[in-house]
Amino acid sequence: MGSMPPRKTFAEFFAGIGLVHLGLADSGWGCVYANDIDAKKQQMYADHFGDARYYHREDVWRTDAVIERLDERPFLATASFPCTDLSLAGYGRGFGGPQSSSYFGFIEVLRQLGDERPRLVMLENVVGFLTARGGGDFRRAVQTLASLGYRIDAFILDARWFVPQSRPRLFVFGFHESLDHGVILKEDADRWRQAIDRTAPLRPATLAAHYDTLRLDTGWATVDLPTPAPNERSLNDVIDLDDAQDWWDEPTTRKHEAMMEPRHRARVETMMAGGAPAAGAAFRRTRRGKPRLEVRFDLAGCLRTPRGGSARQIVLGIGRGRLRMRWMSAREYARLQGADDFAIRVSPSQAMHGFGDAVCVPAIRWIDRHVLSPIHDHEAAAHARPVLHR
Ligand SMILES: C[S@@+](CC[C@H](N)C(=O)[O-])C[C@H]1O[C@@H](n2cnc3c(N)ncnc32)[C@H](O)[C@@H]1O
């Protein structure tokens, strides 16, 4: 008999409302632990997943408390740590800021788990993570992960491959050196370079530059990935265009119409002449001191937490001689994150806050199908193989 195959389990750090969980659950991953500090996120998580005993509301920096609650050691740990200091709005603080540096609280948990640390790690953050503080934060993040015995891979996956939302995100992976190498291609193999080249659309120059220059204790690795197929869901499939919606009154709509660029107004006029209404999505922004309405007709801009109101998305319904506008609903936020049926029992603003911070579920499913499950399944098969005694 071989040794015990690893169970298909994960621990979700910075769990928020649980959209990583949603993306992993379909293929049989079982959640043994979820951690977040925010009571409102926990409430949304519980509304959807039930009162999960494993959800631990605690500061990730309270390492002893976290490890004590982590009673089963998971195969996979995920960490969508806060992007606040790494995003454009983060004043360039990067890991010098109080939020994004909680990544090192997660690292401390891994460190203290010693030999029992998860075999697989997946991080998720904004693309700005690659370039924050001259790339120094990314270098430090992956070098620290590598110092714990993980080979590193990273790529950018945009939610627009799966849903009509522009949401590019950087995913970083740690494959523990102790894993059987079946599906994992190590940096020193020709197949690693070929697999990296084949997925060039997912690996911008700012990332590729690190392969030759960044020294890691372990090295780079990857899994042979396809490029995702283009998404077939349009904005019309996720936006409700019927009369029952909370459309604004004429003066409010006209005021916002006046904020549009001339080329967008011209496009709206052409679309108004059409039959069945079509959807658009917009954000209000201030450009050179003037309010502007930035409209997209193909896909929605990146959902964000509607702090201060201006980041909240606006919906346009255009056709049959009319232009209507309203705030995007929490249900539409859920659909744009691929979480169409997520239970929403909290206020719209709380729900939009939760969805704006979350991951796109089908992006996680794609990663699971091509990276996480193949590695787990190979490892399970390798353990199940009989050991031959000579
Ligand atoms: C980008 S969001 C993750 C969202 C999550 N992936 C989801 O799908 O909902 C980052 C999360 O980190 C949590 N967080 C921030 N600081 C923390 C800390 N010190 N300890 C634990 N969680 C923290 C926030 O409450 C927030 O929910």
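Two aromatic rings of Phe, Tyr or Trp are taken as a pair if their centres lie within 6.5 Å, and with that cut-off in hand the reader can begin with the aromatic side chains of this predicted model. A search of the whole structure finds 23 such pairs. Nine residues, namely Phe13, Tyr33, Phe81, Phe95, Tyr103, Phe104, Phe106, Phe129 and Phe138, join into one aromatic cluster. One member of that cluster, Phe104, also has a charged partner, since the charged end of Arg140 sits over the ring of Phe104 at 4.2 Å from its centre. A comparable arrangement is found at Phe283, where Arg304 lies over the face of the ring, 4.4 Å from the ring centre. Turning to the chain as a whole, the domain assignment divides it into domain 1, made up of 9-231 together with 355-384, and domain 2, which covers 241-328. Taken over C-alpha atoms, the centres of domain 1 and domain 2 are 35 Å apart, and where the domains meet, eight residues of domain 1 are in contact with ten residues of domain 2.

The ligand can be approached through the residues that surround it, of which there are 19, with Ile17, Asp36, Lys41, Asp59 and Val60 being the closest. Sorted by class, this shell holds nine nonpolar, four polar and six charged residues. Asp59, one of the closest residues, places an N or O atom of its side chain 2.9 Å from a nitrogen atom of the ligand. The side chain of Ser80 likewise has an N or O atom at 3.1 Å from a ligand nitrogen atom, whereas at Leu19 the partner is a polar backbone atom, which lies 3.3 Å from an oxygen atom of the ligand. Taken alone, the ligand exposes 600 Å², and the protein buries 92% of that area.

Conventions. Residues numbered from 1 in each chain as written. Predicted model: local features only at pLDDT ≥ 70, side-chain atom pairs only at ≥ 80, totals over all residues. Heavy atoms only, no water. Near = heavy atom within 4 Å. Polar contact = N/O pair within 3.5 Å; in protein donor to acceptor, adjacent residues only side chain to side chain. Areas by Shrake-Rupley, 256 points an atom, 1.4 Å probe, with all protein chains shown as cover. Nonpolar A, V, L, I, M, F, W, Y, C, P; charged D, E, K, R; others polar. Phe/Tyr/Trp six-rings, centres within 6.5 Å; stacked < 30°, edge-to-face > 60°. Lys NZ or Arg CZ within 6 Å of the ring centre and 35° of its normal. Domains from an automatic or database assignment. Contact = heavy atoms within 4.5 Å.
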